[in-house]
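Here is an informal walk through one chain, going from a single side chain out to the helices around it. Keep the 3D view open while you read.

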Amino acid sequence: MIFPKSVFYLSMRTEDNASTITEFVLLGFSDLPNLQGLLFGVFSIIYVIVLIGNSLIIIITRLDAALETPMYFFLANFSSLEICYVSVTLPRILVNLWTQDRSISMLGCATQLCFFLLLGATECFLLAVMAYDRYVAICNPLHYPLVMNHELCLKLAVGSWIGGIPVQIGQTCQIFSLHFCNSNHINHFFCDIPPILKLACGDTWMHEAAVYVVAMLFVTVPFMLILASYSKIISTILSLPTAGGRAKAFSTCSSHLLVVLLFFGSASITYLRPKSNHTAGIDKLLSLFYTIVTPMFNPMIYSLRNKDVIAEKMSTY
């Protein structure tokens with residue numbers, strides 16, 4: 001693959017007889033030179049689908065008074081998050097495919113990673129909050145309006161959005177405090193922790209350990225809370241006397257459960273497996289899944305599984 005001359009430009013400075021990279025190259029899908037145009041078209045369509053699908057959910061939940069419930073309040077927040085989450089990576093991918101200039105400054109790479117981590121943490125927290133909402137609705141339906149009041153919903157949403165800011169900014173600063181040498185080629189389509197750590201000089205075990213600790217905090221803990229909520233939900237559903245009641249109760253949380261499995265499954269494999277098991281191809285595939293594919297399907301999953309959203313959509317035509 002022949003890159004533009006500017007892509008091979010390597011900004012370096014000499015300090016203590018060592019060279020430090022100040023510019024990276026996102027290799028992305030450069031190993032598929034004959035598919036660049038096709039990939040640009042596919043990703044453009046996906047981006048439009050994500051924007052339109054999630055925007056429709058936000059608009060519908062805001063316009064219809066019948067959907068002014070905690071469940072749809074969190075769903076609107078989740079759709080807003082998905083738009084932001086995809087916008088961190090996809091526009092850059094499209095620019096790289098269109099211009100074939102894959103260079104990115106150190107500051108640009110750090111900024112992309114920071115926002116990616118912040119929004120990823122928000123998604124983990126928000127999915128846990130949505131699971132708690134379903135737990136209260138199904139397991140304590142009589143107290144649901146009192147427990148999930150507007151004030152609590154607002155606090156939970158704000159907490160989900162800002163809860164990861166200090167830790168993720170700190171983690172980004174820690175990653176980019178490393179010295180990078182020998183190569184400035186990031187074998188990925190965006191700035192992510194595993195491929196960046198591979199470029200670092202010397203022993204990075206302390207940084208890898210910090211990544212595992214943060215992943216445990218922001219991925220494993222919310223996932224365990226979700227599992228606890230759903231264990232109670234499933235137990236309650238199975239105790240319902242009629243099959244119709246069980247089906248109706250499960251239908252209100254099945255879409256959320258599917259999204260949880262898709263997101264946490266791929267994210268956990270990416271960040272919790274040992275560095276020695278990381279391969280560029282698998283990392284790219286998994287990252288595509290939880291950064292692009294899942295946000296594309298989320299509006300479809302929620303709208304197809306939720307009768308209220310379907311009814312409102314039909315009434316607008």
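Let's start with V214, which lies in helix 8. Keep in mind that this is a predicted model. Is V214 buried or exposed? With a relative accessibility of 14%, V214 counts as buried, because the cut-off for that label is under 20%. Leaving out residues up to four places away in sequence, V214 touches V167, Q168, Q171 and V219. Take Q171 from that list: V214 and Q171 are 43 residues apart in sequence, yet their C-alpha atoms are 8.3 Å apart in space.

**Helix 6 against helix 8**

V214 is also part of a helix–helix contact. Helix 6 covers residues 165–175 and helix 8 covers residues 205–238, and the two pack at an angle of about 160° with their axes 11 Å apart. Anything over 145 degrees counts as roughly antiparallel, so helix 6 and helix 8 get that description. Their crossing is left-handed. On the helix 6 side the contact is made by V167, Q168, Q171, Q174 and I175, while helix 8 brings H207, A210, V211, V214 and F218. Sorted by class, the residues of this contact are six nonpolar, four polar and no charged.

**Helix 3 against helix 8**

Helix 8 has another partner to look at. Helix 3 (residues 106–139) and helix 8 have axes that come within 9 Å and cross at roughly 15°. Which way do helix 3 and helix 8 run relative to each other, roughly parallel or roughly antiparallel? They are roughly parallel, since angles under 35 degrees earn that label. This crossing, of helix 3 and helix 8, is left-handed. From helix 3, the residues in the contact include A121, F125, L127, A128, R134 and Y135, and they meet a set in helix 8 that includes F218, V219, P222, I226, K232 and I237. The class count for the contact of helix 3 with helix 8 is 17 nonpolar, two polar and two charged residues. F218 is worth clicking on, as it appears in the contact with helix 6 and in the contact with helix 3.

**Helix 1 against helix 2**

Now move towards the start of the chain. Helix 1 (residues 36–63) packs with helix 2 at an angle of about 160°, and their axes are 9 Å apart. Helix 1 and helix 2 are therefore roughly antiparallel to each other. The crossing of helix 1 past helix 2 is left-handed. The contact of helix 1 with helix 2 is made up of 21 nonpolar, eight polar and two charged residues.

Here are the packed pairs side by side:

| Helix pair | Axis angle | Axis distance |
|---|---|---|
| Helix 6 and helix 8 | about 160° | 11 Å |
| Helix 3 and helix 8 | roughly 15° | within 9 Å |
| Helix 1 and helix 2 | about 160° | 9 Å |

**Charged pairs**

Side chains of opposite charge can pair when their charged atoms come close. How many salt bridges are there? The count comes to two. In one of them, R134 pairs with D133, with the closest N and O atoms 2.9 Å apart. R134 is buried, at a relative accessible area of 8%, and D133 is buried too, at 1%. R134 also turned up among the helix 3 residues that meet helix 8.

E151 forms a salt bridge with K155, and here the closest N and O atoms are 3.3 Å apart. E151 and K155 both sit in helix 5 (residues 150–162), four residues apart, or about one turn of the helix. E151 counts as exposed, at 52% relative accessibility, and K155 is exposed as well, with a relative accessible area of 54%.

**A backbone oddity**

Check Q100 in your viewer. Q100 has a positive phi of about 60° although it is not a glycine. Where does Q100 lie? Q100 is in the loop between helix 2 (70–99) and strand 4 (103–105). Its relative accessible area is 19%, so Q100 counts as buried under the 20% cut-off.

**The whole chain**

Stepping back, the chain has 12 helices and five strands. Of its 317 residues, 49% count as buried. Among contacts between residues at least 6 apart in sequence, 77% join residues at least 24 apart.

Note on methods. Residues numbered from 1 in each chain as written. Predicted model: local features only at pLDDT ≥ 70, side-chain atom pairs only at ≥ 80, totals over all residues. Heavy atoms only, no water. Axes fitted to C-alpha atoms, helices over the stretch in contact; angles between N-to-C directions. Parallel < 35°, antiparallel > 145°, perpendicular 65-115°, else oblique. Left-handed = near helix turned anticlockwise from the far one by under 90°. Contact = heavy atoms within 4.5 Å. Nonpolar A, V, L, I, M, F, W, Y, C, P; charged D, E, K, R; others polar. Salt bridge = Lys/Arg side-chain N within 4 Å of Asp/Glu carboxyl O. Buried < 20%, exposed > 50% of the residue type's maximum accessible area, 1.4 Å probe, protein only.
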